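Colleague: I'm new to this one. Could you put it up and let me ask how you know what you say about it?

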Amino acid sequence: MKTKISEYINEIHQTSIEKFEDRAAGVEQFRLKFLGKKGIISDLFEQFKTIPNDQKKEMGQLINQLKVAAQEKIEEFKSFVEEHQDVDEHHDLTLPTEFLDLGSRHVLSVVMNEICEIFSRVGFTVAESVEIEDDWHLFSALNFPPDHPARDMQDTFFVEKEEGKQEVALRTHTSSVQVRVMEKNQPPIRIIAPGRVFRNEAISARAHCIFHQVEALYVDKKVTFADLKQTLLYFAKEMFGEDTQIRLRPSYFPFTEPSAEMDISCNICGGKGCNICKGTGWLEILGCGMVDPNVLEACGIDSKEYSGFALGMGVERMAMLKYQVRDLRLYFENDLKFLKQFDGII
């Protein structure tokens, strides 16, 4: 044991930091070898318990000498590393800096902001509200009949649906924001409501259970369908270009009467017909209509004095048309290869 300790002391004195390829890591390995819980000195103290009493004094002194030598060497190594830590002979400090990749806004955020900006130019202000809504703001105040399919479990994510209690669900449209605004404000009202909505649908290239909507509402005296049509034409030209044409087709929504769906001339083929527009030259982008008098009355607005129009569009749909994205799932997969395509847009 005495011979081993002498050899260890000599090893410590002869060890130079220059032998370590990675100095910081080498010093830590050296420390663990001698002073670690399973190191040499710890092992020697375990052996010390078994040696005869007449040898303990001498052996104890030798072990302590070894421990002091190891501690002093480690301190010497640490001081050396600290003094030379800014110098790294393995790297050329004259090489150019590697710049970190910067993030950017998601394409859906960009499109949603662009839609809001277009409407803000003609006096619309942004209104937002909660994503978990009650039955009144989601359905009843919007003139949905009690047996409407949207109230079924297969179409809506219900948070709470018990008899005797008001049903609570993840909102299926941002029309609930319009109801809340009309309940708290008297006309004139001119708002745009962007936000995330949820529907119980199978996820595919053309559908998703989570998506985004932007809806607009204008209520005032003598608002007509002509006002709605002019607003839609203005929006289409601002969003897709001055040459864009629109057409309105009759439709049905519980909260508007009359109702329509709006198509724009295909911006891919210029209205000539392609696989995107299925050869028709037209692309559907939104639903709209005059606010049903029942909705106005439910929100405390006199439908004999005031009228209004509402419109709503899917942001994913708009982004698909604007940037020719053909799979909705790409928006939610966080694939950097996909997202980097939109770094240049603001």
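Colleague: Which residues lie nearest the centre of the largest pocket, and how many residues line that pocket?

Modeller: Before I answer, note that this is a predicted model. The lining of the largest pocket has 44 residues, and Arg199, Phe211, Gln213, Gly312 and Gly314 lie nearest its centre. The space in this pocket comes to about 1200 Å³.

Colleague: What makes a residue part of a lining?

Modeller: A lining residue has an atom within 4 Å of a point of the pocket. Strand 9 supplies the largest share of this lining, with seven residues. Among the elements that give at least two residues each are helix 7, strand 6, strand 10 and helix 10.

Colleague: Those strands keep coming up. In what order do the strands of the seven-stranded open sheet run?

Modeller: The order is 1-5-6-10-9-8-7, and the pairing is mixed.

Colleague: Why are strand 1 and strand 7 called edge strands?

Modeller: Strand 1 (125-126) and strand 7 (246-253) each pair on one side only, and that puts them at the edges.

Colleague: How do you know that strand 7 and strand 8 pair?

Modeller: Two strands pair if there are at least two bridges between them. Strand 7 and strand 8 (residues 256-265) have seven bridges, in the antiparallel sense, so by that cut-off they count as paired. Two of the bridges can be named: Phe253 has Thr256 as its partner in strand 8, and Arg247 has Asp263. A hairpin of two residues links strand 7 to strand 8.

Colleague: And what does strand 8 do with strand 9?

Modeller: Strand 8 and strand 9 run antiparallel and are joined by eight bridges. Glu261, for instance, stands opposite Gly287 in strand 9.

Colleague: Is strand 8 mostly covered or mostly open?

Modeller: Mostly covered, since eight of its ten residues are buried. Buried here means under 20% relative accessible area.

Colleague: Which helices lie against this sheet?

Modeller: Helix 5 (residues 107-120) packs on it and touches strand 1, strand 5 (189-198), strand 6 (210-220) and strand 10 (307-314). The direction of helix 5 makes about 165° with that of strand 5. Helix 8 (residues 225-240) lies across strand 7, strand 8, strand 9 (282-291) and strand 10, at about 150° to strand 9.

Colleague: What makes a set of residues a nonpolar core?

Modeller: The residues must be buried, of a nonpolar kind, and joined through side-chain atoms within 4.5 Å. The largest such core has 46 residues, and Ile115 and Phe235 have the most contacts inside it. Helix 5 gives the largest share, seven residues.

Colleague: Which residues is Phe235 in contact with, leaving aside its neighbours within four places in sequence?

Modeller: They are Ile115, Ile118, Phe119, Ile285, Leu286, Met313 and Met318. Apart from this core lies another one of 25 residues, including Ala193, Val295, Ile301 and Ala310.

Colleague: Why is Asn143 called partly exposed?

Modeller: Its relative accessibility is 26%. Partly exposed covers the range between buried, under 20%, and exposed, over 50%, so Asn143 counts as partly exposed. The residue lies in the loop between helix 6 (135-138) and strand 3 (158-160).

Colleague: Why does Lys222 count as exposed?

Modeller: Lys222 has 76% relative accessibility, and the cut-off for exposed is over 50%. Lys222 therefore counts as exposed. Its place is the loop between strand 6 and helix 8.

Colleague: What sign does phi have in these two residues?

Modeller: Positive: about 75° for Asn143, although it is not a glycine, and near 60° for Lys222. Most residues other than glycine have a negative phi.

Colleague: Where are the peptide bonds you call cis?

Modeller: One runs from Pro187 to Pro188, with omega near 5°. Another joins Glu257 and Pro258, where omega is about 0°. Pro188 is found in the loop between helix 7 (175-184) and strand 5, while Pro258 lies in strand 8.

Note on methods
Residues numbered from 1 in each chain as written. Predicted model: local features only at pLDDT ≥ 70, side-chain atom pairs only at ≥ 80, totals over all residues. Heavy atoms only, no water. Helix = DSSP H or I, 4+ residues; strand = E, 2+ residues; numbered from the N terminus. Contact = heavy atoms within 4.5 Å. Axes fitted to C-alpha atoms, helices over the stretch in contact; angles between N-to-C directions. Buried < 20%, exposed > 50% of the residue type's maximum accessible area, 1.4 Å probe, protein only. 1 Å grid on protein atoms, 1.4 Å probe; cavity = no way out; pocket = protein on both sides within 12 Å on 5 of 7 lines; lining within 4 Å. Points joined across faces, edges and corners; volume = space filled by probe spheres on them.
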